[in-house]
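Hi everyone, thanks for coming. I'd like to walk you through a structure today, so please have a look at it while I talk.

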Amino acid sequence: MEEKKTPKIPVWDLPDVPKGKLPPHLELQRTRVLCTSDAPTHTENIRYSGAYASMGVDNSLRLGHFRDNFRVEVIRLTEDDMEFDMIGIDAALANAFRRILIAELPTMAIEKVLIANNTSVIQDEVLAHRLGLVPLRVDPRLFEYMSENDVPNEKNTIVFKLHSRCERGSSRVKVLSNELQWLPRGSEFTLSTEKPAADPTSRPRTYTSFNCSQDSLPDFSNNPIGPKHDDIIIAKLGPGQEIELEAHAVKGMGKTHAKWSPVATAWYRMLPEVVLLQEIEGEKAEELVKKCPVKVFDIEDIGKGRKRATVARPRSCTLCRECIRGDDWDKHVALRRVKDHFIFTIESTGALNPEVLFTEAVKILEDKCERLSALFSPHLLKQKTESPKVPIFVTSGDLRIGAFFFEIRFFLKRLHFEFIFILVGTCKLLMGLETIMIDFYAGECQILQLASE
Amino acid sequence: MGSGELALEKRRQQLLLLMNFDCGLLILLYDYCFDNVMEHGSYQDQSQATFSLTDEDHTLANSLRFTLNQDPRVTFCGYSIPHPSDARVNIRVQTTGDQASEVLKDSCQDLMLICQHVRSTFDQAVVEFKNKKGLDAMNIEP
Ligand code: SF4
């Protein structure tokens with residue numbers, strides 16, 4: 001009876017059952033998008049904490065783990081744009097930053113245009129729209145939002161003047177953005193309601209009410225406000241045509257209008273990974289190198305005149321999938337994307353430097369979380385869970401109603417109300433009652449609606 | 001805006017009693033209204049609730065879903081935007097027993113910590129890059 005001697009091993013102790021570690025194929029699916037010839041697969045991010053519980057792998061959020069693994073590498077940084085790698089973060093957050101950069105970071109842009117004269121061929125509204133899109137070189141953090149009831153003042157408005165004309169007999173001229181002239185003292189147009197001043201020394205009321213000149217403020221004294229680029233064509237004037245206007249810039253966000261977006265664009269892509277599944281040598285290697293339009297592959301000499309293909313520049317791969325097309329190339333080359341490695345590019349329009357923009361974007365997400373978690377602050381939570389005594393006053397009713405309120409008191413115990421006052425209609429009404437809606441206002445309670453069907 | 005005190009002041013609590021005398025069923029639902037958040041839940045079971053946030057979108061909701069999903073106390077979470085022209089997002093949280101609002105709050109704080117770490121790492125990387133570039137420039141110029 002030899003069989004009896006073989007020890008019984010529980011199935012979980014068998015050597016091929018992984019413990020505390022994902023098997024390689026699952027690990028690949030978790031961390032990589034596989035770009036196969038027909039469609040990308042395993043594109044989702046598996047974030048549920050218990051996703052791998054059966055394999056003894058904890059998939060929950062470990063901040064320490066995040067801290068140890070998160071890395072940022074700056075690749076390129078200029079005044080206008082930057083590229084950096086964000087490694088060890090989820091697409092949800094990378095995308096949140098991108099969305100905030102595009103739509104929720106404020107800048108200043110021209111919003112109101114007061115046109116005194118426009119005899120050019122470009123219509124007033126089109127001209128105003130073009131002006132709105134001119135990026136301004138000014139830090140929006142130094143300004144406040146202007147709400148509907150605010151008067152334009154030096155803290156929320158920047159005023160520019162544009163006066164350009166083309167003399168008769170001369171050739172056509174271009175109106176460029178450098179002709180926008182900053183008026184640090186505010187508007188120069190007097191309100192149409194204003195009577196000609198009897199006293200010539202008093203300043204007439206204009207479309208803005210500045211308390212002081214903006215160029216006297218320390219932030220702007222050495223750094224005049226103006227368009228970021230001097231050579232943006234705003235309009236073209238023919239002989240005898242003229243434009244005279246005033247443009248008022250205010251603070252706003254990209255989600256209201258794209259002119260307030262501080263980035264020309266902000267985008268990311270996941271790091272491409274090109275893997276040679278087999279050695280590719282000789283002519284096949286030459287063919288592979290030729291296949292790739294962006295020269296991802298190189299040829300390596302491995303001695304004795306033999307040549308082997310290597311992946312030299314995976315980062316420049318565009319995942320065009322040319323290298324896995326035809327025959328059984330997909331058995332030789334695998335194209336993947338690393339799910340937690342983002343190549344992030346920010347192109348600033350000029351109000352702020354790209355690195356400042358990103359920091360501000362992260363701050364905005366932080367503020368959102370802070371605002372939300374403040375609402376669930378401990379004293380509010382306590383109110384909901386504590387079970388103080390709730391005296392209920394019933395103005396009229398009979399046994400049936402009493403029993404009913406006895407029942408609801410059980411639930412009201414969880415509420416924190418010093419005093420609850422309930423107005424009850426006739427018992428006839430209550431008997432057919434299906435829904436009672438009670439509206440509580442801090443400490444007082446009132447039946448709002450008695451719906452009987 | 002958004003401070004606890006202000007929220008307390010603005011607090012408006014609504015109770016919805018759904019009663020069915022026949023089967024003796026009494027479900028007590030609540031709506032907590034804060035600044036821009038409304039919590040819909042039931043008193044019998046506070047481990048599940050829907051949070052309706054105004055003036056928020058995928059940006060916050062998806063990030064929160066990310067942190068919520070990784071919380072072992074959460075059995076289900078998801079979000080939806082009921083209508084694209086309505087600046088509102090509903091976040092559903094169901095837990096293994098803990099109070100849903102508490103879990104959501106913890107997730108917010110996790111997300112905040114993550115953001116802080118991202119910011120400091122990023123700033124550091126930028127400073128390092130600038131220093132390196134400065135050094136490179138110095139090496140080339142003379
Ligand atoms: S997918 Fe296109 S770019 Fe990438 S390695 Fe293959 S051929 Fe080159």
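Which elements of chain A each supply at least two residues of the lining of the largest pocket? Keep that in mind for a moment, and please remember that we are looking at a predicted model. The answer is two helices and a strand: α1 (24-31), α2 (63-69) and β16 (333-348).

Let me stay with that pocket. The space inside the largest pocket comes to about 680 Å³. Its lining is made of 30 residues, and the ones closest to the centre are Arg30(A), Arg47(A), His65(A), Gly88(A) and Asp340(A). If you like to think in terms of chemistry, the lining splits into 11 charged, 10 nonpolar and nine polar residues.

Now, the ligand. Which residues come nearest to it? There are 13 residues around the ligand, and the nearest are Cys292(A), Cys317(A), Cys320(A), Arg321(A) and Cys323(A). So you can pick out four cysteines and an arginine by name there. As for the character of this shell, 10 of its residues are nonpolar, two are charged and one is polar. One small caution when you read that count: cysteine goes into the nonpolar group here.

Let's step back to the chains themselves. Chain A has 453 residues, and 41% of them count as buried. Its secondary structure consists of 10 helices and 20 strands. If we take the contacts in chain A between residues at least 6 apart in sequence, 72% of them join residues at least 24 apart. The exposed surface of chain A is about 24,900 Å², with 52% of that coming from carbon and sulfur atoms.

And chain B? This chain has 142 residues, of which 47% are buried. You'll find three helices and six strands in chain B, and reading from the N terminus the order is α-β-β-β-β-α-β-β-α. Of the contacts in chain B with a separation of 6 or more, 42% are between residues 24 or more positions apart. Chain B exposes about 6,700 Å², and carbon and sulfur atoms supply 53% of that area.

I also want to show you a couple of backbone details. Please find Leu319(A), which is not a glycine and yet has a positive phi of about 55°. Leu319(A) sits in the loop between β15 (307-311) and β16 of chain A. Is Leu319(A) buried or exposed? Its relative accessible area is 10%, so Leu319(A) is buried, the cut-off for that being under 20%.

Over in chain B, Asp55(B) is another non-glycine residue with a positive phi, this time about 60°. Look for Asp55(B) in the loop between β4 (48-54) and α2 (58-69) of chain B. Asp55(B) has a relative accessibility of 54%, and therefore counts as exposed, since the label needs over 50%.

One last stop, back in chain A. Where does Ser192(A) lie? You'll see Ser192(A) in the loop between β9 (181-182) and α5 (218-221). With a relative accessible area of 67%, Ser192(A) is exposed. Along the chain, Ser192(A) and Tyr207(A) are 15 residues apart, and their C-alpha atoms are separated by 9.3 Å.

That's my tour. Thanks for listening, and I'm happy to go back to any part of it.

Terms used
Residues numbered from 1 in each chain as written. Chains lettered and ligands numbered in written order. Predicted model: local features only at pLDDT ≥ 70, side-chain atom pairs only at ≥ 80, totals over all residues. Heavy atoms only, no water. 1 Å grid on protein atoms, 1.4 Å probe; cavity = no way out; pocket = protein on both sides within 12 Å on 5 of 7 lines; lining within 4 Å. Points joined across faces, edges and corners; volume = space filled by probe spheres on them. Helix = DSSP H or I, 4+ residues; strand = E, 2+ residues; numbered from the N terminus. Buried < 20%, exposed > 50% of the residue type's maximum accessible area, 1.4 Å probe, protein only. Contact = heavy atoms within 4.5 Å. Areas by Shrake-Rupley, 256 points an atom, 1.4 Å probe, with all protein chains shown as cover. Near = heavy atom within 4 Å.
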